[in-house]
Amino acid sequence: MSVLEKGSSFTPMTISEADFKRLVTFMQGTYGIDLSQKKQLITGRLSPAIRKLGYQSFGEFVNHVLEKKQNDEITLVLNKLTTNYTFFMREKEHLDVFCKRIIPDIVRRHQRDKCLAIWSAGCSSGEEPYNITMFLYDYLGTQAKDWDTRILATDISAQALAKAKAGVYTLPDTIPADWKKKYFTANKDGTHTVTSAVRNNVIYQTFNLMDPIKFRRKFDVIFCRNVMIYFDQPTKDALVRRFYDATVPGGYLLISASENLGQNMPYRRLATATFQK
């Protein structure tokens with residue numbers, strides 16, 4: 001999603017090595033995002049927005065971000081430098097394990113209280129938690145109304161969460177035909193809106209994964225897919241330990257197939273990118 005268009009005469013602003021290191025240190029220390037090899041990405045994606053805001057140099061902008069720590073500027077940096085790219089039915093093989101092994105297990109364990117605890121950590125624009133809800137509704141069928149299947153979905157990007165809450169998407173061909181009828185409403189412009197029953201099953205919340213995890217309940221399942229690609233190994237290891245502490249015994253952690261956990265991970269591997277406490 002580069003701001004540089006083919007044939008564009010746009011010239012990115014330059015950033016000094018000192019200001020680059022200051023911004024990298026702030027982003028890694030506060031959000032865990034490793035930008036140490038991303039100088040060109042930073043100048044390319046942030047330059048137009050910085051100019052539009054009236055800043056004359058990167059140094060002036062970095063000073064303002066680090067001194068004032070205003071939400072608008074920090075949100076701008078997060079939105080420009082992280083890729084909120086996701087889609088329905090992503091990594092289908094992975095989701096098959098969730099449907100065939102994990103859902104039956106957690107439903108069996110919660111037959112008495114009928115209350116599941118699932119977290120979509122780094123939910124981006126919402127496709128993942130809605131996808132999870134649809135799988136749960138399919139599995140539970142007419143019994144779904146008797147269960148509390150509400151999903152916690154968090155992200156650091158306010159822009160991504162706003163899109164997620166709206167629930168309006170251009171659907172890929174991978175969406176089953178019966179899902180289009182059951183879980184979406186067609187719009188005149190060709191997009192589809194997630195039905196209110198599915199949208200109401202997701203609780204959206206801004207959350208920084210570098211913060212302590214202190215939610216009311218521990219989780220049966222934590223999805224954190226295509227998020228740790230931004231983190232260095234020590235940051236990943238620390239986050240996985242926090243996830244482990246926030247998972248019920250026998251609970252699950254699902255990451256992306258393109259990611260990996262450290263050698264001393266506390267979970268045991270169950271399947272590709274799927275781990276159990």
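These numbered points describe the nonpolar cores, two helix pairs and one loop residue of a predicted model.

1. The largest nonpolar core of this predicted model holds 48 residues, and those with the most contacts inside it are Met 27, Leu 46, Trp 119, Leu 209, Phe 243 and Leu 253. The elements that contribute two or more residues to this core are the helices α1 (17-31), α2 (39-52), α3 (58-68), α4 (71-81) and α10 (233-245), together with the strands β1 (118-121) and β7 (219-223). Of these, α1 gives the most, with six residues. A second core, separate from the one just described, has 38 residues and includes Cys 99, Ile 103, Phe 184 and Val 194. As general background, nonpolar side chains tend to be buried together in soluble globular proteins.

2. Phe 243 is a useful residue to look at within the largest core, being among those with the most contacts inside it. Leaving aside residues up to four places away in sequence, Phe 243 touches Trp 119, Ala 121, Leu 209, Ile 213, Ile 222, Cys 224, Leu 253 and Tyr 267.

3. Helices α1 and α2 pack with their axes 11 Å apart and at an angle of about 90°, which makes α1 roughly perpendicular to α2. On the α1 side the contact is made by Glu 17, Phe 20 and Leu 23, and on the α2 side by Lys 39, Ile 42 and Leu 46. Sorted by class, the residues of this contact are four nonpolar, no polar and two charged.

4. Helices α5 (residues 92-109) and α6 (residues 127-140) have axes that come within 11 Å and cross at roughly 55°, and the two helices are therefore oblique to each other. The crossing of α5 past α6 is right-handed. From α5, the residues Leu 95, Phe 98, Cys 99, Ile 103, Pro 104 and Val 107 meet Asn 131, Ile 132, Phe 135, Leu 136, Tyr 139 and Leu 140 of α6. Here the contact residues divide into eleven nonpolar, one polar and no charged. Cys 99 and Ile 103, both in this contact, are also included in the second core.

5. Ala 117 lies in the loop between α5 and β1. Its relative accessibility is 6%, and because buried means under 20%, Ala 117 counts as buried. Not counting residues up to four places away in sequence, Ala 117 touches Arg 217, Lys 218, Phe 219, Asp 220 and Val 221. The C-alpha atom of Ala 117 is separated by 30 Å from that of Met 27, a residue 90 places away along the chain.

Methods. Residues are numbered from 1 along each chain as its sequence is written. This is a predicted model: local features need pLDDT of at least 70, side-chain atom pairs count only at pLDDT 80 or more; totals for chains, interfaces and linings use all residues. Side-chain values use heavy atoms; hydrogens and water are left out. A nonpolar core is a set of buried Ala, Val, Leu, Ile, Met, Phe, Trp, Tyr and Cys residues joined through side-chain atoms within 4.5 Å. Buried means under 20% relative accessible area, exposed over 50%, partly exposed in between (1.4 Å probe, protein chains only). Helices (H or I, at least four residues) and strands (E, at least two) are DSSP runs, numbered from the N terminus. Contact means heavy atoms within 4.5 Å. Axes are lines fitted to C-alpha atoms, for helices over the stretch in contact, and angles run from 0 to 180 degrees between N-to-C directions. Angles under 35 degrees count as roughly parallel, over 145 as roughly antiparallel, 65 to 115 as roughly perpendicular and the rest as oblique. A crossing is left-handed if the near helix is turned anticlockwise from the far one by less than a right angle, and right-handed if clockwise. Ala, Val, Leu, Ile, Met, Phe, Trp, Tyr, Cys and Pro count as nonpolar, Asp, Glu, Lys and Arg as charged, and the others, Gly among them, as polar.
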